[in-house]
Amino acid sequence: MFQNLPFWPPAASAQAGTVDALYLFLVALSVFMTVAIFIAIFVFAFKYRRRPGHKAVQIHGSWILETAWSVIPMGIFLVIFAWGAMIYYQAHTPPRDADTVYTVAKQWMWKFQHVTGQMELDELHVPVGRDIKLIMTSQDVIHSLFVPAFRVKQDVLPGRYTMVWFRATKPGTYHLFCSQYCGTQHSGMIGQVVVMTP
């Protein structure tokens with residue numbers, strides 16, 4: 001839907017569609033609720049405005065109305081929670097047969113090493129349609145690997161291993177950023193993921 005907008009990165013991974021769907025649902029729900037609230041404010045402000053000759057009448061609460069405005073939002077929030085939890089679980093559970101790439105972040109570059117021995121700096125070459133698992137650590141400070149087109153982002157910590165996985169679905173070259181401020185040349189810690197046909 002938003003693929004042709006310049007601020008919306010193209011979806012290029014298997015996970016991107018599910019993340020986009022949840023995001024668009026949240027935006028649509030927010031817009032709907034905002035419009036509904038403003039319409040209610042204007043309608044009630046007009047209908048119940050002060051008028052000469054009309055006395056205010058005290059009304060008492062309705063248990064049906066109070067139950068409805070508690071149960072319906074709770075149901076919506078539970079749907080959002082379940083949907084988000086499912087996406088989170090999928091994002092943090094790589095397939096067993098994923099190709100492993102060891103990743104080391106340091107000021108201010110990305111080092112990738114495939115299990116077959118090839119090493120790359122600031123550029124990662126992967127085949128399209130293949131599950132790729134990055135096992136990452138940092139040599140100095142906290143970094144964060146972010147590939148907008150794949151909708152994946154994971155902090156890279158010194159002294160710990162973190163993991164992120166993706167399956168690229170379209171050949172092409174995609175931006176790779178460090179999204180955690182990591183020092184004076186943080187903005188230059190960029191790279192690219194090159195997705196190739198096998």
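**Exercise 1. Is K153 buried, partly exposed or exposed?**

Solution. The model you are looking at is predicted. To place a residue, compare its relative accessible area with two cut-offs: under 20% is buried and over 50% is exposed. K153 has 47% relative accessibility, so it counts as partly exposed. Now turn to D155: at 29% relative accessibility, D155 is partly exposed as well. Finally, look at how these residues meet: the side chains of K153 and D155 form a salt bridge, with 3.7 Å from N to O.

**Exercise 2. Find the salt-bridge partner of R151, and describe the surroundings of both residues.**

Solution. Begin with a general idea. Side chains of opposite charge can pair when their charged atoms come close. In this model the count of salt bridges comes to 4.

- Step 1: the partner of R151 is D20, and their closest N and O atoms are 2.8 Å apart.
- Step 2: locate the two ends. R151 sits in the loop between strand 6 and strand 7, while D20 belongs to helix 1; they are 131 residues apart, and the pair links distant parts of the chain.
- Step 3: check the accessibility. R151 has 17%, so it counts as buried. D20 has 9%, so it is buried too.
- Step 4: look at the backbone of R151. Its phi is near 60°, a positive value in a residue other than glycine.

**Exercise 3. Do the same for R130: which residue does it pair with, and where do the two lie?**

Solution. R130 forms a salt bridge with D99, and here the closest N and O atoms are 2.8 Å apart. R130 is in the loop between strand 4 and strand 5, D99 is in strand 1, and 31 residues separate them in the sequence. With 30% relative accessibility, R130 counts as partly exposed. D99, at 29%, is partly exposed too.

**Exercise 4. Trace the open sheet and name its edge strands.**

Solution. Work across the sheet one strand at a time.

- Step 1: the sheet has 5 strands in the order 3-2-1-5-8, and their pairing is mixed.
- Step 2: its edges are strand 3 (119-121) and strand 8 (162-167), each of which pairs on one side only.
- Step 3: from one strand to the next, the twist averages 25°.
- Step 4: start at the strand 3 edge. Strand 2 and strand 3 run antiparallel and are joined by 3 bridges, with F112 opposite E120. In the hairpin of these two strands, which has 4 residues between them, G117 takes a positive phi near 110°.
- Step 5: move on to strand 1 (residues 99-106), which is joined to strand 2 by 6 bridges in the antiparallel sense. The bridge partner of K106 in strand 2 is M109, and this hairpin has 2 residues between its strands.
- Step 6: finish at the other edge. Strand 5 (residues 131-138) pairs with strand 8 over 6 bridges, again antiparallel, and D131 stands opposite R167.

**Exercise 5. Which side chains of strand 2 point to the buried face?**

Solution. Follow residues 109-114 and watch the side chains alternate. W110, F112 and H114 point to one face and are buried. M109, K111 and Q113 point to the other face and are not buried.

**Exercise 6. Find the unusual backbone spots at Q107 and W108, and at D122.**

Solution. Most residues other than glycine have a negative phi, and most peptide bonds are trans. Against that background, a cis peptide bond joins Q107 and W108, with omega about 0°. W108 lies in the loop between strand 1 and strand 2. D122 has a positive phi near 60°; it is placed in the loop between strand 3 and strand 4 (123-127). At 25% relative accessibility, D122 counts as partly exposed.

**Exercise 7. Describe the aromatic pair of F150 and Y174.**

Solution. A pair of aromatic rings is described by the distance of the centres and the angle of the planes. The structure holds 4 aromatic pairs. For F150 and Y174 the centres are 5.3 Å apart and the planes meet at 55°, which makes the pair tilted. F150 lies in the loop between strand 6 (143-147) and strand 7 (152-156) and Y174 in strand 9 (residues 172-178), so the pair ties together parts 24 residues apart in sequence. Both residues are buried. Ring pairs also link F150, F166 and Y174 into a cluster.

Key. Residues are numbered from 1 along each chain as its sequence is written. This is a predicted model: local features need pLDDT of at least 70, side-chain atom pairs count only at pLDDT 80 or more; totals for chains, interfaces and linings use all residues. Side-chain values use heavy atoms; hydrogens and water are left out. Rings of Phe, Tyr and Trp (its six-membered ring) pair if their centres lie within 6.5 Å; planes under 30 degrees apart count as stacked, over 60 as edge-to-face and the rest as tilted. Buried means under 20% relative accessible area, exposed over 50%, partly exposed in between (1.4 Å probe, protein chains only). Two strands pair if DSSP finds at least two bridges between them. Axes are lines fitted to C-alpha atoms, for helices over the stretch in contact, and angles run from 0 to 180 degrees between N-to-C directions.
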